[in-house]
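Visitor: Hi, I'm new to this one and would like to go through it step by step. Could you put it up on the screen?

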Amino acid sequence: MNRYDVLVIGAGGAGLRAAIAASGAGVRVGVVCKSLLGKAHTVMAEGGVAAALANVDERDGWRVHFADTMRGGQYLNDWRMAELHAKEAPDRVNELEAWGALFDRTQDGRILQRNFGGHAYPRLAHVGDRTGLEMIRTLQDHGIHQGIDFHMEVTVLRLLTAGGRMAGALAYDRERGRFLVFTAGAVVLATGGIGRAYEITSNSWEYTGDGHALAYEAGAELVDMEFLQFHPTGMVWPPSVRGILVTEGVRGEGGILKNSEGRRFMFDDIPPLYREQTAATPEEGWRYTQGDRAARRPPELLTRDHVARCIVREVREGRGSPHGGVFLDIAWIGEKRSDAAEHIRRKLPSMYHQFKELADLDITEQPMEVGPTTHYAMGGVRVDAESQMSTLPGLFAAGEVAAGLHGANRLGGNSLSDLLVFGKRAGDHAAAFARANPAATIDSAQVEAGEREALAPFERQSDEGPFRIQADLQKMMQAKVGIVRNESDMHAALDALRSIAARAGTVGVTGHREYNPGWHTALDLRNLLVVSEAVTRAGLAREESRGAHFREDRPDKDPALDRTRIVIRKAEGGMELRRETLPPLPDELRRIIEEAG
Ligand SMILES: Cc1cc2nc3c(=O)[nH]c(=O)nc-3n(C[C@H](O)[C@H](O)[C@H](O)COP(=O)(O)OP(=O)(O)OC[C@H]3O[C@@H](n4cnc5c(N)ncnc54)[C@H](O)[C@@H]3O)c2cc1C
């Protein structure tokens, strides 16, 4: 039994920032994470953190960042979250610097910012293409000195409730297989994404949607689950590395997309919402990436949902690359700058290394082959904008597991700033909640039921193991609820999920409880099934195409759904969905959007 005031589940950027805030408020804080400290998803972030510091272009400011985020999210964002995020991100980034983060610098020594898709001005503070590493290092160094307890390689299985509010969590220690019970007045979920529900993904093994499922099972609401981001550029070859991310920073530095005919196909289809802001010629696009303030951005830097769909179109229509992607070319900048190879290696060191090591390809000389990869969940736990508290009292959520900021599509760089802004808010408010509501008594029946359920796979004999079930689920979701969706595929997906759930319900594992990956995977299946069902049901309920959710049977937006979000909660008979209208934008924010054009 471990007693805390605030328990943080997850040690990525959101969890660490929440833990720092809560411990700074003087309460006892414990953090649990599935793997080792420093290995969370956040460490993989490459391109940068978006904040309107206006170091590179003084025309930037929170208003422009707010308008960009709302436009990128197709106005389905929680406007208050988008406002807080745009206003507070610069302070959070400067604070990181004060804590020791070493960002790339401008000539006059300020934090350098780079271009990224959907951002009007260079806005992403970065450290080459290893920004997440610096962020995690800084937060860990800072957090470790604050007296926070860390429990590594511990997986939370179930949230414990008492009297309609949070009481704690049941977990198991992955190494020894023993159960642990945590009591806490408040719990912050910071468990990241759901990418492992898909076959092709940039996400690591940890992202099985645990936090989404834990919250749902405990009675909290989920929103926007249909909006799943497929990043346009993942590696497609060789097969063993398929899905690994190729940062948008490549395009920010001047990289261009071409089809097998050598045409820059992104110029073929520019959405009306972005026509005014997009370069008319390749030359103008190049000037933009080199900092010409009079130029407009190249179409490669349109939002991710659009770029991903254009790539799928090229491949489907037979103009793809040999391994089913398209070409991303940064080597071409050799035509423009004499120091191109050195510049690429300096600005994109991980990409250079990644392709050299994994694909035996030198990106300073040859184009890369890339295609869409499942990347980011815009949907997640419904939270209050100010406090990040979910609809379950005492349960907070921040980072990728929480929903609202990004609406129908996230802009690159807006996740790292989301983690900082709302991680801090979640930690502050969780600490205040825990002070006002001391930990409740744990209901031992909930603990016993959770333990029984977790150990059940050891009692069962089955012909197939959990890995095959997980692989079948991933393949099915990729094929039926992927980047291009339709009603009959999604109905077929629901049928398939029922039969996969039946198999998961009878799966057995062998061996003992000490570091048993088969057992761990059997336990992950429940979470993967919850998030897969939520994505599919929400996808069926949203009878239109918008942002990251594209339905070929309903390819247009339905104006009736302009301000509608889909809310999911657990009911007696299973998953219950309802539509809800977002609150109207205040006049001041509406004006900002109108002025941005
Ligand atoms: C390759 C890559 C590059 C990216 N680049 C960028 C970028 O340049 N800019 C940007 O803004 N965004 C980027 N993103 C997105 C961004 O990195 C993530 O959205 C973000 O890091 C998520 O942070 P988080 O704190 O919410 O969760 P994570 O960093 O994902 O951490 C989740 C934590 O929860 C723990 N956890 C999960 N389940 C459990 C459980 N059941 N019990 C206990 N612990 C649990 C994990 O162990 C982990 O510690 C990138 C993503 C990827 C994959």
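Visitor: In which sense do strand 12 and strand 19 pair?

Guide: In this predicted model, strand 12, which covers residues 222-223, pairs with strand 19 in the antiparallel sense over two bridges. Within that pairing, valine 223 stands opposite valine 567 of strand 19.

Visitor: And how many bridges join strand 19 to strand 20?

Guide: Eight bridges join strand 19 to strand 20, residues 574-581, and these two strands run antiparallel. A hairpin of two residues links strand 19 to strand 20, and lysine 570 has methionine 575 in strand 20 as its bridge partner.

Visitor: Is strand 19 mostly covered or uncovered?

Guide: Strand 19, which spans residues 564-571, is mostly covered, with six of its eight residues buried.

Visitor: Switching to the ligand, what surrounds it?

Guide: The ligand is surrounded by 39 residues, of which the closest are His41, Thr42, Gly47, Glu206 and Glu400. By character, the shell divides into 16 nonpolar, 17 polar and six charged residues.

Visitor: Which polar atoms does the ligand come up against?

Guide: One of its oxygen atoms is 2.5 Å from an N or O atom in the side chain of threonine 42, while a ligand nitrogen is 2.7 Å from an N or O atom in the side chain of aspartate 210. The protein covers 99% of the 1,000 Å² of accessible area that the ligand has on its own.

Visitor: Which helix gives the most to that shell?

Guide: That is helix 11, which gives four residues to the shell around the ligand.

How values were computed. Residues numbered from 1 in each chain as written. Predicted model: local features only at pLDDT ≥ 70, side-chain atom pairs only at ≥ 80, totals over all residues. Heavy atoms only, no water. Buried < 20%, exposed > 50% of the residue type's maximum accessible area, 1.4 Å probe, protein only. Pairing = 2+ DSSP bridges. Near = heavy atom within 4 Å. Polar contact = N/O pair within 3.5 Å; in protein donor to acceptor, adjacent residues only side chain to side chain. Areas by Shrake-Rupley, 256 points an atom, 1.4 Å probe, with all protein chains shown as cover. Nonpolar A, V, L, I, M, F, W, Y, C, P; charged D, E, K, R; others polar.
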